[in-house]
Amino acid sequence: MHKLIIIGSGPAGYTAAIYASRANLSPVLIDGPQMGGQLTTTTLIENFPGFPNGIDANLLVSNMRQQAEQLGTTFVNGIVVSADLSNDVKRITLDNGTVYEAQSVIIATGATAKYLGLSDEARFRGLGVSACATCDGFFYRGKKVAVVGGGDTACEEATYLAQMCKKVYMIVRKPFLRASKAMVKKVESTDNIEILYEHSTIGLTGDELRGLDGADLAFRKGSDEEKIVHIDIDGFFLAIGHTPNSALFSQYVDLDENGYIKTLGSGTATRTPGVFAAGDVADPRYRQAVTAAASGCKAAIDAEKYIASLQ
Ligand code: NDP
């Protein structure tokens, strides 16, 4: 029987582990399918405080892991397949059949950015394809980029990128934007944003050495009017939504309409006592490494108080 199990190995999980270790909770952290989380899909991190020259994303998460390990976290390599959180003793079952029991659980399972499913997206991942403008936009200063999607995220990313890029295309599959009126007004009034309505991406061009140099789009795909157009771009940003990895826990926590875990007030507690949520799985809004780390810290402090209350 453990005091605390942390599920997820991104900045939220690792920061929770660092704080919980220092509070003598001897946490067990279960890595999940992608050790290090979403940060491992990007390259240089220039907006995590403390690194004036930026830091390699993989190095940043491996440093966090090392720090947690040195302070006393036990790491378990495995994927959670079921969770029974209904009682005082929480039971977590892994894909290899091992069952872990603990007094409290921090869910830090993150979110997964949606991709279109084109093989070119994988080919140019880190070479022009990104799902986070705030993380990677800076590398495209003065260049041409495209943002896919017509929701609030796409509009926010397009306006953010427009401040530093020469030109921003928005690739929108419908003849209208789904985003809020205010956001639509903002993108429509930004000179260097061009909205390509009724366009779908069918392929990306470039080579593995120099990276991405363009995208092939279909206008009114599948109709009699279908027309293929090519745009020259250096960056291709997906903004078609994220899927929070919350499904396993839906019985025990409240979810918003998009599947994000709802926490109580400004803390990290969920509606189930002893169950806390941190990082992107509970954050539809900010989704940054530093905000995830901060909420991991909060979850560890909240879990510590909960465990102390059981004595
Ligand atoms: P949304 O689900 O709102 O929008 C996704 C967009 O991606 C839609 O335009 C959708 O097109 C498009 N899309 C989805 N799949 C594909 C595909 N396969 N090919 C091409 N286009 C595709 O996601 P968001 O991330 O924008 O927003 C999620 C939630 O968070 C929303 O409720 C939003 O309002 C909220 N939000 C609020 C913000 C704020 O208040 N500041 C900022 C960001 C998000 P289609 O319209 O055709 O379905």
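**Exercise 1: a salt bridge by a loop**

Task: Which side chain does R210 meet in a salt bridge, and are R210 and D207 buried or exposed?

Solution. Step 1: R210 and D207 meet through their side chains in a salt bridge, at 2.7 Å from N to O. The term stands for a side-chain nitrogen of Lys or Arg within 4 Å of a carboxyl oxygen of Asp or Glu.

Step 2: Look at the accessibility. R210 has a relative accessible area of 74%, so R210 is exposed. D207 has 23%, so D207 is partly exposed. (Buried means under 20% relative accessible area, exposed over 50%, partly exposed in between, with a 1.4 Å probe and protein chains only.)

Before you go on: this is a predicted model, where local features need pLDDT of at least 70 and side-chain atom pairs count only at pLDDT 80 or more, while totals for chains, interfaces and linings use all residues. Residues are numbered from 1 along each chain as its sequence is written, and side-chain values use heavy atoms, with hydrogens and water left out.

**Exercise 2: more salt bridges**

Task: How many salt bridges does the structure hold, and where do E101 and R91 lie?

Solution. Step 1: The total is nine salt bridges.

Step 2: Take the one between the side chains of E101 and R91, at 2.5 Å from N to O. E101 lies in strand 8 (residues 99–107) and R91 in strand 7 (residues 90–94), so this pair ties together parts that are 10 residues apart in sequence. (Helices, H or I with at least four residues, and strands, E with at least two, are DSSP runs numbered from the N terminus.)

Step 3: Check accessibility. E101 is partly exposed at 29%, and R91 is partly exposed too, at 37%.

Step 4: Now try D120 and R123. Their closest N and O atoms are 3.4 Å apart, and they form a salt bridge. Both sit in helix 3 (residues 119–123), three residues apart, which is about one turn of the helix. D120 is buried at 15%, whereas R123 is partly exposed at 34%. Add E208 and you get a network of salt bridges linking D120, R123 and E208.

**Exercise 3: the three-stranded sheet**

Task: In what order do the three strands of the antiparallel open sheet run, and which strands are at its edges?

Solution. Step 1: The order is 14-15-16, with antiparallel pairing. (Two strands pair if DSSP finds at least two bridges between them.)

Step 2: Strand 14 (199–207) and strand 16 (227–232) are the edge strands, each pairing on one side only.

Step 3: Strand 15 (residues 211–219) pairs with strand 16 over six bridges. One bridge to find on screen: A215 has I231 in strand 16 as its partner.

Step 4: Compare two residues. T201 belongs to strand 14 and is buried, with a relative accessible area of 10%. Leaving aside neighbours within four places in sequence, T201 is in contact (heavy atoms within 4.5 Å) with residues including L116, V148, I171 and F236. L209 lies in the loop between strand 14 and strand 15 and is exposed at 82%.

**Exercise 4: the five-stranded sheet**

Task: Which strands stand at the edges of the parallel sheet?

Solution. Step 1: This open sheet has five strands in the order 10-17-11-12-13, paired in parallel.

Step 2: Strand 10 (129–130) and strand 13 (193–197) each have a single partner strand, so one side of each is left without a neighbour in the sheet.

Step 3: Strand 12 (residues 167–172) pairs with strand 13 over five bridges. Here V168 stands opposite I193 of strand 13.

**Exercise 5: crossing helices**

Task: Is the crossing of helix 1 and helix 7 left-handed or right-handed, and what kinds of residue make the contact?

Solution. Step 1: The axes of helix 1 (residues 11–22) and helix 7 (residues 289–310) come within 7 Å and cross at roughly 35°. (Axes are lines fitted to C-alpha atoms, for helices over the stretch in contact, and angles run from 0 to 180 degrees between N-to-C directions.)

Step 2: The crossing is right-handed. (Left-handed means the near helix is turned anticlockwise from the far one by less than a right angle, and right-handed means clockwise.)

Step 3: Among the residues that meet are A12, A16 and Y19 in helix 1, and A293, G296 and C297 in helix 7. The contact residues divide into 11 nonpolar, two polar and no charged. (Ala, Val, Leu, Ile, Met, Phe, Trp, Tyr, Cys and Pro count as nonpolar, Asp, Glu, Lys and Arg as charged, and the others, Gly among them, as polar.)
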